[in-house]
Structure formats: C-alpha cells, structure tokens
2 protein chains.
Amino acid sequence: MKVKGKEYRTIWIEKSTVFMINQLSLPFRFEIYESKTYLETCDAIKNMIVRGAGAIGAAAGFAMVQAFYEARYKNPKGFLEKARKHIEGTRPTARDLFYAVEKVYQAGIRELPDRKKALEVVEMEARTLAMENEMNAYSMGKIGASLISDGMRILTHCNAGWLGFVNMGSALAPVYFAHWAGKRVHVYVSETRPRGQGARLTAWELHNEGVAHTIVADTATAYLMAKGRIDLVITGADRIAANGDTANKLGTLEKAILAKEYNIPFYIAAPISTIDLECPSGEHIIIEERDEKEVLFQTGLTNDGRMETIRVCSPGSHALNPAFDVTPAKYITGIITEKGIIKAEARAILKLY
Amino acid sequence: MKVKGKEYRTIWIEKSTVFMINQLSLPFRFEIYESKTYLETCDAIKNMIVRGAGAIGAAAGFAMVQAFYEARYKNPKGFLEKARKHIEGTRPTARDLFYAVEKVYQAGIRELPDRKKALEVVEMEARTLAMENEMNAYSMGKIGASLISDGMRILTHCNAGWLGFVNMGSALAPVYFAHWAGKRVHVYVSETRPRGQGARLTAWELHNEGVAHTIVADTATAYLMAKGRIDLVITGADRIAANGDTANKLGTLEKAILAKEYNIPFYIAAPISTIDLECPSGEHIIIEERDEKEVLFQTGLTNDGRMETIRVCSPGSHALNPAFDVTPAKYITGIITEKGIIKAEARAILKLY
C-alpha cells in the first residue's frame with residue numbers, strides 16, 4: 001500500500017536482512033526496522049514490532065532464511081533445529097507462523113549440506129510464501145467485497161489490515177476493495193485494548209487510505225448494534241480449527257456472540273494457511289498469555305512529541321492478559337478465504353483442499 | 001471506608017463548602033478536593049472529580065445547597081432556578097442527580113424569602129439524602145451478599161463501589177459484605193475504557209480493602225465466561241426505567257448479553273432513587289455523549305511520578321464516546337435494592353413504592 005506516495009509492503013527480505021514497518025512506532029512515526037539476524041527477527045515478533053497473523057507468518061519464514069545464512073558451522077542441522085524451535089516459541093497462537101517455518105525449514109534441510117543451494121531454495125520458498133500471502137489477501141478482498149453494499153457500516157476488531165499481512169490484509173481487504181470500487185463504507189474501529197491495534201493501526205490504515213471510520217472503545221459494540229448502527233462484522237483470524245472454531249484477538253468472541261444476538265452477519269477473513277487441520281476444535285488451540293504490563297501501562301505520544309509510557313491501572317493490582325479468545329463456529333456466519341466464502345464447518349473446510 | 005486508617009466518605013459538606021475525594025487523582029494520589037461554589041461543584045461533576053450515580057446525586061444535592069447560600073440578592077428564585085438547570089445540565093443520564101436536586105430545591109423554595117430557614121432545611125435535606133444513600137448502600141450490601149457464596153468469582157464493570165456512592169457502593173457493597181463475613185471472593189475488574197474506572201477506582205478500592213481481584217481488558221468478558229471463570233456479574237446503574245431497562249456505563253449491555261449466553265446470573269445493584277417511574281422504557285433514557293478526547297487520550301502516572309496525558313489513538317482519526325448503554329430488562333436476572341432483590345419488571349418495581 002502507499003504511504004506518502006511510496007509503495008510499501010509490511011515486511012520484506014534483502015539477502016539476510018529483514019525489513020519491516022515498525023508497528024510500535026506507528027501511528028505516530030513511520031519507520032522501517034532492520035533485523036540482521038534470526039534472533040533479532042524473533043525478538044521483533046515477540047515484541048510486536050511486526051504483528052498480525054499473516055505478517056508474522058512472513059516474518060517467521062524470513063527468520064528461518066536468516067537462520068540458514070547463520071548456520072555455517074560444523075553442525076548446521078542442530079543449529080537450524082534449534083533456530084526453528086526458537087522461532088516457533090515466539091508466539092504460540094498464530095497458525096501462519098508454524099506453517100511458514102515448516103515450509104522453509106523442510107525446503108532448505110533437503111538441500112544440505114549444499115549451503116549455496118539450500119540458501120537459494122529457502123529464499124525462494126520464503127519469498128513465495130510472502131507473495132502468496134499478498135495474493136491471497138487480494139483474493140479475499142475481491143471475494144469479501146461482494147458482502148459489502150453501498151452505505152454499509154462495518155465493525156472490525158484489532159488489525160487485520162495490510163499491516164497484519166504482507167499487504168492488503170484479510171478483514172480490511174474487502175473494505176479496501178469496496179472503497180476503491182466507489183462504495184461508501186463506514187468502519188467502526190474497536191480500540192482493541194490492551195495493545196490498541198484497532199485505534200492505532202487500523203485507524204492509521206483507514207485514515208491513510210481515506211476510508212471513513214470512527215474509533216470506539218471496545219465496550220461500544222453492543223451499544224452500536226442495539227442502535228442499528230452496524231450492518232456487518234469482519235475480523236481476521238490467528239488459527240482456525242478443523243471444525244471452524246476460530247482463535248483471534250481477545251474480544252472477537254464477544255463481538256461474534258453480540259452479532260448473533262442482533263442478527264448481524266459476522267465473518268472471519270483468513271487465508272487457508274490459517275486453518276490447522278490437525279487441530280480438531282477450538283479447545284485445542286493454545287492461547288498466548290502476555291505480560292500483565294500490557295494492561296497496566298499504556299504507551300503513547302505526549303503533547304510535546306515524546307513517546308511516553310504511563311501507568312493506567314491502580315498500583316498494587318494485577319492483571320490477566322490473554323491475547324486471544326476462541327469463537328465457536330456456531331457464531332460465525334462464514335469464513336472469507338482466497339478460494340471463496342465458506343461455512344465455518346468441517347465439511348466446507350475440507351473441500352478447500 | 002478507611003483509607004490509611006482514617007474513615008472517609010466520598011463526599012460531604014461543611015457550611016457552604018463541599019469536600020470530595022478527588023477521583024481524577026486516584027489511584028495515584030489520595031486527595032480531597034474542596035469546592036466553594038455551586039458552579040465549582042458543577043464543574044467537578046462534569047469533569048468527573050466526583051462520579052458514580054450515587055456520589056453525583058449527593059454532589060448535586062450539595063451544589064443546590066451552595067446555590068441557596070449564594071442566592072442572597074434581590075431575585076433568589078430566578079437565581080435558584082438557573083442554578084438548578086445548570087446542575088441538571090452537568091450530566092444527563094444519572095437519575096440520582098435529578099432526584100437530589102429536585103428534593104433540595106423544593107424543600108428550600110418553600111421557605112423563601114426566609115433565607116435562614118431555607119438554608120436550614122436545604123442543608124438538612126441534602127445531608128439526609130447523603131445519609132440515605134449511605135444507608136441504602138449498607139442494605140444493598142447485606143441483601144446482595146446473600147447471592148455470594150464462598151469461593152465465587154464475580155465480574156464487575158466500571159466503579160459502583162464506595163467511590164461511586166457516599167459510602168460502601170452498590171455493586172461492590174455485596175462483595176464487601178461477603179468479604180467481611182469471611183467468604184473468599186475473587187473479583188474480575190473490567191478496565192472500563194475510556195475512563196478506566198474499573199482499573200483505577202474499583203481496583204484501588206478492592207486493593208485498599210484487601211479483596212482478591214484481577215484487572216482484565218474490557219474485551220476479556222466472553223473469554224472468562226467461556227472458560228467458566230465467572231460465577232456472578234454485578235454492576236451498578238445510572239437510571240432504571242419503569243419496566244426495568246437499565247442505563248449503566250457503556251459496556252454493561254454486552255456483559256449482560258454474554259452472561260445470558262453463558263447462563264451466568266447478571267444483577268444490577270441500585271437504590272430505589274435510581275428508578276425513574278416517569279421513564280417507561282430504556283429507549284427514553286438520554287445517553288450522554290462525552291468528548292472524543294477521552295477515547296483519543298489517556299492520562300496516567302509516568303515512571304518518575306508525574307501525571308501525563310498521552311495520545312493513544314491514530315492522529316487524524318475521530319472517536320465516538322457514548323458514556324452509557326441501556327440493558328433491556330430481559331437480560332437482567334434481578335435488581336438488588338435496599339428493600340430486597342426484585343425482578344427487573346414493572347410489577348415488581350411498582351411494589352417497591
């Protein structure tokens with residue numbers, strides 16, 4: 001997507017250096033973060049310099065490439081196995097991360113000990129995965145836009161826009177397609193505490209693209225629905241079980257239940273790589289618990305332009321900080337994939353393969 | 001309640017000066033704010049130095065007393081009528097505010113032009129209302145504690161504790177009673193964006209009283225319920241319509257719907273003065289929309305002990321900031337009043353009178 005007239009992807013690789021839009025600096029500063037080693041890329045994933053299911057999938061694939069660059073000593077397989085475990089340990093919930101690491105690892109390991117050949121294939125594999133991520137986003141956009149009619153008011157949660165992917169996004173891709181096609185849309189952007197990906201990243205994206213939008217507190221969902229101000233809900237996904245149960249940012253589940261209560265269609269948008277066929281249902285999805293500090297403190301921009309972190313909760317109290325929740329398939333109207341919109345159920349999912 | 005060994009009420013009056021715990025300084029500093037005039041008290045209500053249905057009821061009554069002190073010129077009735085309108089204009093949703101202003105105004109106006117007598121009766125009336133507010137809170141606590149059994153995990157939203165009343169609170173009063181009776185309770189405290197009354201005030205109260213609790217993002221409700229970690233939900237109320245529909249802090253409605261979905265009892269705790277018999281149903285309740293800045297910015301404590309305000313949303317984006325939502329009676333298991341727990345329905349409500 002374009003930022004100040006220049007085309008960017010969220011993340012890319014040049015030789016053994018990974019470049020990514022620094023999502024901790026956004027929305028206040030637009031900066032590119034450079035990661036020279038696979039360990040640096042792992043830290044960037046963990047600290048959410050790069051985040052969003054698709055983007056961390058690409059990041060993980062690139063990190064694996066970096067590990068192949070670094071594996072030049074006498075026991076490369078041991079090193080690579082360790083690197084793979086380390087990358088997989090950064091964030092446990094996003095399916096795309098495991099998918100990309102596996103693909104790149106297997107492609108490269110077959111070529112060893114020919115290091116040159118291995119580097120060639122892992123680079124190609126990781127770039128292909130990133131390219132597919134982008135192509136899938138375009139397909140989801142085109143397909144999902146069919147759900148959006150002129151004048152619709154759409155609620156989204158967290159950020160499943162182009163910053164959460166290599167480009168375009170999943171949940172926001174249909175919004176962009178509808179907007180570009182001249183349909184008037186209005187997006188209600190759920191703040192998404194504690195990290196505020198809605199208020200910071202989704203709002204920044206929509207503002208950057210000129211899409212009409214309004215930020216609301218996460219508590220405003222039922223209020224808006226009860227007032228008849230939401231026509232459609234679309235969110236992304238971090239992992240979809242074989243039966244359609246979907247893990248996504250904490251707060252997605254309540255939006256799905258509320259949408260059902262108010263008879264509003266609730267869609268998940270995710271590429272097929274997000275589906276984990278080995279995971280029979282939502283109960284088997286591991287939910288990452290993050291540091292309570294993310295709830296207790298907030299970072300933002302002071303009046304005089306400094307980034308500052310402040311305590312926003314009562315000192316002495318503790319917080320629980322699960323990053324995701326699981327929405328049972330029964331609350332999901334459909335899943336927007338790059339191959340079409342399907343029902344959230346095992347049979348429809350299996351047909352995709 | 002006790003703070004550092006000393007007994008406090010949330011708000012009180014001495015002559016024509018109103019004293020209140022400064023709820024903007026909490027939880028970081030415990031300070032008493034002094035208001036010398038009715039206009040200062042109005043500003044304190046508007047700016048949320050004092051907040052919570054019961055506490056702003058008391059504040060409004062005291063502001064009316066201050067207006068009687070100030071009405072010493074040739075047209076006191078005109079002045080008082082203007083003052084009354086001004087006080088009523090501070091916050092439109094809380095029923096207790098209108099109730100208290102009306103009571104104090106009528107009591108005093110009958111005694112005019114005898115200023116001395118009028119001052120006597122308005123002081124007595126306002127103090128009586130504050131005292132009743134406190135007594136009602138104790139009754140709600142005692143009655144509501146019957147719903148709480150040993151080991152229960154209770155979710156609350158916003159602050160309907162003693163800071164939201166003259167003392168004790170509505171939603172938290174049963175929790176305190178249960179705790180004092182030796183029942184082990186654990187309170188999940190919903191952060192309550194944008195103002196964070198849960199994370200700041202409720203957490204501070206519970207910490208101060210030694211009640212076990214955990215702060216969670218507002219998005220965690222369904223997650224906790226789906227995991228079977230909530231046994232009971234209790235919130236306060238700002239206005240209850242004659243049919244039981246209840247206006248309370250934005251986000252209450254979704255908690256009520258989610259509680260129903262997961263078969264968890266959802267109670268409102270509020271004194272009878274919160275009921276507005278002239279309001280037939282929820283659609284007639286006026287919902288205050290507050291400044292978008294409350295969403296776009298956050299105030300808190302820096303590492304070096306300064307209060308700082310930071311921007312937490314993307315610059316250029318706007319926010320919608322409704323302060324309340326209306327929970328239809330059908331989602332409410334019961335209303336805890338000072339006269340007993342009743343069903344949220346017209347017949348049961350009328351029986352209270």
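How many aromatic pairs are there over all chains? The count comes to 16. Keep in mind as you scroll around that this is a predicted model.

Let's start with the rings. A pair of aromatic rings is described by the distance of the centres and the angle of the planes. Take A:Trp12 and A:Phe19: their centres sit 5.6 Å apart with 10° between the planes, and the pair is stacked. A:Trp12 has 23% relative accessibility, so this residue counts as partly exposed. Its partner A:Phe19 comes in at 14%, and because buried means under 20%, A:Phe19 is buried.

Now look at A:Tyr38 and A:Phe79. Here the planes stand at 85° with the centres 5.9 Å apart, so this pair is edge-to-face. The two rings link distant parts of the chain: A:Tyr38 belongs to helix H1 of chain A (residues 38-46), A:Phe79 belongs to helix H3 of chain A (residues 76-88), and 41 residues separate them. With a relative accessible area of 4%, A:Tyr38 is buried, while A:Phe79 is partly exposed at 24%.

Rings can also join into a group. A:Tyr8, A:Phe30, A:Trp162 and A:Trp204 are linked into a cluster by ring pairs.

A ring can have a charge for company, too. In chain A, A:Arg84 lies over the face of A:Tyr105, 4.5 Å from the ring centre. Over in chain B, the charged end of B:Arg84 sits above the ring of B:Tyr105, 4.5 Å from its centre.

B:Tyr105 brings us to helix H4 of chain B, where this tyrosine is one of the buried residues. How far apart are the end C-alpha atoms of helix H4 (residues 95-109) of chain B? They are 21 Å apart, and that agrees with the span of 21 Å expected for its 15 residues at 1.5 Å a residue, because the expected span is 1.5 Å times one less than the number of residues. The buried residues of H4(B) also include B:Leu97, B:Val101, B:Val104 and B:Ile109. What do the buried residues of H4(B) pack against? In chain B, their neighbours are helices H1 (38-46), H2 (53-70), H3 (76-88) and H5 (115-144), along with strands S10 (239-241) and S13 (275-276).

On to the salt bridges, of which the structure holds 36 over all chains. One of them joins the side chains of A:Arg9 and A:Glu134, at 2.4 Å from N to O. That contact links distant parts of the chain: A:Arg9 is in the loop between strands S2 (6-7) and S3 (11-14) of chain A, and A:Glu134 is in helix H5 of chain A, 125 residues apart. A:Arg9 is partly exposed at 38% relative accessibility, whereas A:Glu134 is buried at 8%.

A:Arg91 and A:Glu288 form another bridge, 3.0 Å from N to O. They are 197 residues apart, with A:Arg91 in the loop between H3 and helix H4 (95-109) of chain A and A:Glu288 in the loop between strand S13 (275-276) and helix H10 (293-296) of chain A. Both A:Arg91 and A:Glu288 are buried.

Finally, find A:Asp304 and A:Arg306, whose side chains meet in a salt bridge of 3.4 Å, N to O. A:Asp304 is exposed, with a relative accessible area of 56%, and A:Arg306 is partly exposed at 34%. Which residues do shared partners join into one network? The salt bridges connect A:Asp304, A:Arg306 and A:Glu308 with B:Asp304, B:Arg306 and B:Glu308.

How values were computed:
Residues are numbered from 1 along each chain as its sequence is written. Chains are lettered from A and ligands numbered from 1 in the order in which they are written. This is a predicted model: local features need pLDDT of at least 70, side-chain atom pairs count only at pLDDT 80 or more; totals for chains, interfaces and linings use all residues. Side-chain values use heavy atoms; hydrogens and water are left out. Rings of Phe, Tyr and Trp (its six-membered ring) pair if their centres lie within 6.5 Å; planes under 30 degrees apart count as stacked, over 60 as edge-to-face and the rest as tilted. Buried means under 20% relative accessible area, exposed over 50%, partly exposed in between (1.4 Å probe, protein chains only). Helices (H or I, at least four residues) and strands (E, at least two) are DSSP runs, numbered from the N terminus. A charge sits over a ring if NZ of Lys or CZ of Arg is within 6 Å of the ring centre and within 35 degrees of the ring normal. Contact means heavy atoms within 4.5 Å. A salt bridge is a side-chain nitrogen of Lys or Arg within 4 Å of a carboxyl oxygen of Asp or Glu.
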